Amino acid sequence: MAHKILVTGGTGYIGSHTVVELQKSGFEVIIIDDLSNSRQQVVTQIEKITGIKPDFHKINLCDHSKLRSFFNSHNDIDGVIHFAALKAVGESVRFPLIYYNNNLQALINLLDSLAILRCNNIVFSSSCTVYGEPEKLPVTEESPIIKASSPYSNTKQICEEIIEDVSRITPLRSIILRYFNPIGAHESGLIGELPIGKPNNLVPFITQTAIGKQKTLEVFGNDYNTPDGTCIRDYIHVVDLAQAHVSALQRLFNKEHESRVETYNLGTGRGYSVLEVLNTFEKVNNIKVSHTFSQRRPGDVPAVYANVDKAKTKLKWVATKSLEEMLSSAWLWEKNLSEGILRK
Ligand code: WQD
C-alpha cells in the first residue's frame, strides 16, 4: 500500500517539483494550497508529467475549521511536507504582522491537526537565511543561528523552534530542510517558478530580462570582498532539491532517523557569484542579457554556501545537476511561459 503524503503549498515552485518526484517514487499525493502565490493549473501540468493527477484542495492553513474538516475526511495521511508559507524577504519587512500571522499560524494549525490524526512524520521547508552572514564557510548544520535579518527569516527560525518543542513531547518525528538557492525548472518545461509581479530573485529576473519582460538586470553591488566583487550563493537545481524531500520522507518511514528532529542543508556545496551565473546563462543559452551595476541590496550577505556532507551520508542524497542545466531549464521554462503554456 503506497504511503499517502500531504503536500502543503504543493502547487508552488518547490512544492510542485516535489509532488512530481513523490509520484515518481510511488507515493500517493494530496495537495492543499490556497493559490495565493500559485495557480491550480499546475495540478494539470503535474499530471502531464507523471500521468497521475494529484488530489487537490484549495485551503488556507490559517482557516482552522476548514483544515479540521479536511482532516476529518482524510485521516489516513502517513506523512506531510510543509511548504505553504509567504516567502518574499522584502515584503516581510514591509508587512511583518502578515508574515508572522500567516507563517506561524499555518504551522501551528497543521501540527495541531497532525497530533489529532496521529500522523507523526513531517518534513519542513526551511531556509539557509537562518544562518544570516556566516562567519565560517561552508556553512554546516551546526553553524550558529544568528538573529534573523528579516521577519520572513525569523518565521523560519521560530517554526524550527516550534517543531523542536512539539517533537520533544509528542511522537512527532521531523526533518528540517534548509534550502540554499533553488533555481531552474523541470526538464519537461511544464512546471517552474511563477514569480508574481517583478521578481525579487536573481534567476527569474535574468530570464525575464532575456525574454524582454524586464528592461535590464541590476546587479546589486560589485564591490563585495569576493573574486569578482559580486555576491556568492549556493544555487541548487529545484529537481535535486525535490528529490531530497523524497529521501527525507523515506528516512522517516524507514525509521532511520537518529533523533526526534534532524536538520539538513540542501545545497551543492559550491558557490557561484552573480556574474558567474549571468555569464553562464548567456553562454549556455547563447543570449545576451542587458545588465547594469547598482548599489548593494540591504540585507544581502557577501557569500553563503553549504557544507552538504550530512545530507550525503545520512540522507544518502547529493545534488547532481550542473549550473548549466539549472540555467538552461530556467530559460526553457521562461520561453514556455511567454508562449502561454499555463493559459492552454
Ligand atoms: C541572489 C543574489 C542579490 C536580484 C533567496 C531568498 C531567500 C532564500 C535564499 C528561501 C544576491 C543578487 C538578485 C537582482 C541581483 N530562499 N541579485 N539582482 O537573496 O540569496 O535569497 O534565496 O528561503 O528567502 O530570498 O537570493 O536570488 O534574491 O539573490 O544582483 O535583480 O543575486 O543581490 O546577491 P537570496 P536572490
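Tutor: Let's start with a cut-off: buried means under 20% relative accessible area, exposed means over 50%, and partly exposed is in between (1.4 Å probe, protein chains only). This is a predicted model, where local features need pLDDT of at least 70 and side-chain atom pairs count only at pLDDT 80 or more, while totals for chains, interfaces and linings use all residues. Residues are numbered from 1 along each chain as its sequence is written, and side-chain values use heavy atoms, with hydrogens and water left out.

Student: Okay, why is His 257 called buried?

Tutor: Its relative accessibility is 19%, and the limit is under 20%, so His 257 counts as buried. His 257 sits in the loop between α8 (238–253) and β11. Those labels are DSSP runs numbered from the N terminus: helices are H or I with at least four residues, strands are E with at least two.

Student: And what makes a residue a contact of His 257?

Tutor: Contact means heavy atoms within 4.5 Å. Leaving aside neighbours within four places in sequence, His 257 is in contact with Arg 173, Arg 251, Leu 252 and Glu 262.

Student: Lys 255 is in that loop between α8 and β11 too. Why is Lys 255 called buried or exposed?

Tutor: Lys 255 has 66% relative accessibility, so it counts as exposed. Its phi is a bit of an eye-catcher as well: near 50°, a positive value in a residue other than glycine.

Student: Which label does Arg 118 get, buried or exposed, and why?

Tutor: Arg 118 is exposed, because its relative accessible area is 70%. You'll find Arg 118 in the loop between α5 and β5, with a positive phi of about 60° although it is not a glycine.

Student: What about Asn 102 in helix α5: why is it called buried or exposed?

Tutor: Asn 102 has 15% relative accessibility, so it counts as buried. Outside its neighbours within four places in sequence, Asn 102 is in contact with Asn 60, Cys 62, Ala 85 and Leu 86.

Student: Why is Leu 137 called partly exposed?

Tutor: Leu 137 has a relative accessible area of 33%, which is between the two limits, so partly exposed is the label. Leu 137 lies in the loop between β5 and α6 and touches Ala 303, Val 304 and Tyr 305, not counting residues up to four places away in sequence. The C-alpha atoms of Leu 137 and Val 304 are separated by 6.9 Å, though the two are 167 residues apart along the chain.

Student: What is the peptide bond from Leu 137 to Pro 138, and what is its omega?

Tutor: That bond is cis, with omega near -5°.

Student: How do you know that the length of helix α6 makes sense?

Tutor: The expected span is 1.5 Å times one less than the number of residues. For the 19 residues of α6 (residues 151–169) that gives 27 Å, and the end C-alpha atoms are 27 Å apart, so the two agree. Helix α11 (residues 323–338) has 16 residues, which should span 22 Å; its ends are 23 Å apart, which agrees.

Student: What do the buried residues of α6 and α11 pack against?

Tutor: Those of α6, including Tyr 152, Cys 159 and Ile 163, pack against α4 (89–94), α5 (96–117), β5 (121–127), β6 (173–179) and β11 (261–266). Those of α11, among them Trp 331 and Trp 333, pack against β7 (181–183), α7 (202–211), β10 (235–237), β12 (272–273) and α9 (274–285).

Student: Now the ligand: what makes a pair with Tyr 152 a polar contact?

Tutor: A polar contact is a pair of N or O atoms within 3.5 Å; within protein, one must be able to donate a hydrogen and the other to accept it, and residues adjacent in sequence count only if both atoms are side-chain atoms. A polar side-chain atom of Tyr 152 lies 2.5 Å from an oxygen atom of the ligand, so the pair fits the 3.5 Å limit. Asn 201 also has a polar side-chain atom 2.9 Å from a ligand oxygen, and a polar backbone atom of Glu 218 is 2.7 Å from a ligand nitrogen.

Student: How many residues surround the ligand?

Tutor: There are 20, where near means a heavy atom within 4 Å. The strand β8 gives the most, with four residues.
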